[in-house]
Amino acid sequence: MKRRKAFDTDIVGQNVLSSKMQPFSNSRTGALAKLWEGLVGRAPEGTVPLRVRVALEEEQRKGEILVGWVQAVILATWAVLYAVSPKAFSSEVSFQPVPWTLTVYACFLGVRIWLAHIRRLSNWLLSASIVADMAALMVLIWSFHLQYGQPPAFYLKAPTLLYVFIFISLRTLRFEAKWILIAGSAGALGWLILLAIAINAEDSITRNYIAYMTSSSVLLGAELDKVISITIVSLVLAVAVQRARRLMERAAIDHVAASDLSRFVASGVAKTISTANNAIQPGQAEMRLAAALFIDMRGFTALARALPPADLMLLLGEYQRRLVPIVQRHGGQIDKFLGDGIFATFGTVLSSTTFAIDALNTADEVVKELIAWTDERRERGLFVVDVSLAVASGEVLFGVVGDDTRMEYTIIGDPVNIAAKLEKHTRVEAVTAVTDMSTYELALQQGYRSTVKPDIRLARQVGGVAHPIDLVVLAR
């Protein structure tokens with residue numbers, strides 16, 4: 001019993017100690033996460049959408065092709081320099097390492113560029129090619145002591161080592177830090193191998209800098225400085241690329257979100273939201289002179305009962321695909337799709353001095369498009385869809401409504417209400433399109449020219465409007 005009690009006491013003590021250590025462990029993990037985020041930047045929230053990843057991968061592929069062609073230019077430069085430089089060894093020597101190295105590297109580089117073009121360059125092959133880049137450079141540097149008939153330590157002073165930094169920097173074109181680190185590691189390791197070969201060939205290590213500069217002796221500190229420089233440059237570039245990649249991913253996600261947003265709200269509204277300097281708040285509004293256009297499909301309720309849902313949606317899709325581009329072509333913004341109706345505005349999101357003429361030109365072109373659509377449907381043996389529209393203009397309030405969790409831009413004012421009521425009134429007048437006299441006269445002042453003689457109907461009593469309205473029929 002005593003042993004069991006002691007055992008239980010130990011377990012309790014361990015649990016207490018573990019519970020006390022847990023907050024410390026969590027805080028340390030949190031601190032490391034914050035440090036890492038501060039170093040490489042904030043990661044995008046959630047997962048990066050597939051289409052964004054595909055776009056980034058395509059840019060990486062193009063970057064790899066560019067890397068390959070730059071390295072091809074470097075290879076050609078090496079070949080020319082080797083061809084014109086003096087050589088200490090006899091031309092009868094059967095094996096010369098540089099031509100063989102350059103030839104093999106050229107073949108390898110050509111295969112890599114081809115694989116990048118056809119999207120078949122795998123990660124392991126890319127890793128191998130980065131190592132091959134550095135290996136070719138190190139063999140070229142190593143051959144200098146043979147070419148000039150000097151001790152091996154001679155090649156340690158070759159300025160060709162600077163190409164290591166070029167090869168490392170080229171890896172930034174792929175927007176991935178790991179390739180920079182692989183290139184930097186290969187470069188540092190390659191130089192350490194050359195250093196070991198030089199030391200092993202003739203034990204001529206010195207601490208005298210003058211002796212190092214004027215003889216074939218090796219100054220370990222100077223060579224290690226080169227390795228440290230390669231390592232630090234690689235790390236800095238890797239961090240910079242990782243930060244840039246995360247920023248690019250967030251920017252790409254924001255761009256996709258803005259593009260998608262413009263498909264669900266008016267493009268001008270989407271642009272206003274995405275380019276706002278300050279956070280948009282409910283209650284922000286301004287007065288604008290604008291025009292409102294309502295388009296509606298007559299008899300839609302009966303049509304919805306008669307048609308299968310799939311056919312009804314196909315009909316709506318065809319109807320909207322024909323009319324929406326017309327609105328957008330004349331500078332209009334689609335504010336809402338009201339089932340079978342379309343509510344568009346002119347001069348709201350972006351202030352305009354031609355809002356009235358733009359609205360009436362849109363109405364005229366919509367009427368022409370509806371006539372063409374009617375003819376097509378008759379030829380195909382389909383039922384004809386009857387559509388009506390109306391335009392009104394004046395001063396409106398354009399602003400943001402809602403709360404912090406759900407907001408939307410909206411237009412409030414008499415022109416909106418009158419346009420909606422005029423569209424319903426077209427049935428009373430037995431016409432397709434109307435506007436009020438003030439909008440028509442304003443459009444004329446802005447340069448509007450009607451293709452048909454206006455049908456003016458004075459002092460019409462419109463349902464829901466307290467005062468009579470002078471109407472202009474745009475299309476019967």
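**Overall architecture, strand β8 and residue F300**

The protein chain contains 15 helices and eight strands in this predicted model. Of the 476 residues in the chain, 42% are buried. Among contacts in the protein chain with a separation of 6 or more, 71% are between residues 24 or more positions apart. The accessible surface of the chain amounts to about 26,500 Å², and carbon and sulfur atoms account for 62% of that area.

Strand β8 offers a point of entry into the strand arrangement. This strand spans residues 469-475, and because six of its seven residues are buried, β8 is largely enclosed by the rest of the structure. Two pairings involve this strand. Strand β6, residues 433-436, pairs with β8 in the antiparallel sense through four bridges; within this pairing, A433 stands opposite A475 of β8. Strand β7, residues 455-460, also runs antiparallel to β8 and is joined to it by four bridges. Here D455 faces V473 of β8 as its opposite residue.

Attention may now turn to a helical region. Helix α11 covers residues 300-306 and includes F300. Is F300 buried or exposed? The relative accessibility of F300 is 16%, and since buried means under 20%, F300 counts as buried. When neighbours within four places in sequence are set aside, the contacts of F300 are with L312, L316 and D340. A further spatial relation links F300 with G341: the two residues are separated by 41 positions in sequence, and their C-alpha atoms lie 9.5 Å apart.

Definitions and conventions: Residues are numbered from 1 along each chain as its sequence is written. This is a predicted model: local features need pLDDT of at least 70, side-chain atom pairs count only at pLDDT 80 or more; totals for chains, interfaces and linings use all residues. Side-chain values use heavy atoms; hydrogens and water are left out. Buried means under 20% relative accessible area, exposed over 50%, partly exposed in between (1.4 Å probe, protein chains only). Contact means heavy atoms within 4.5 Å. Accessible areas come from the Shrake-Rupley method with a 1.4 Å probe; for residues, only the protein chains shown count as cover. Two strands pair if DSSP finds at least two bridges between them.
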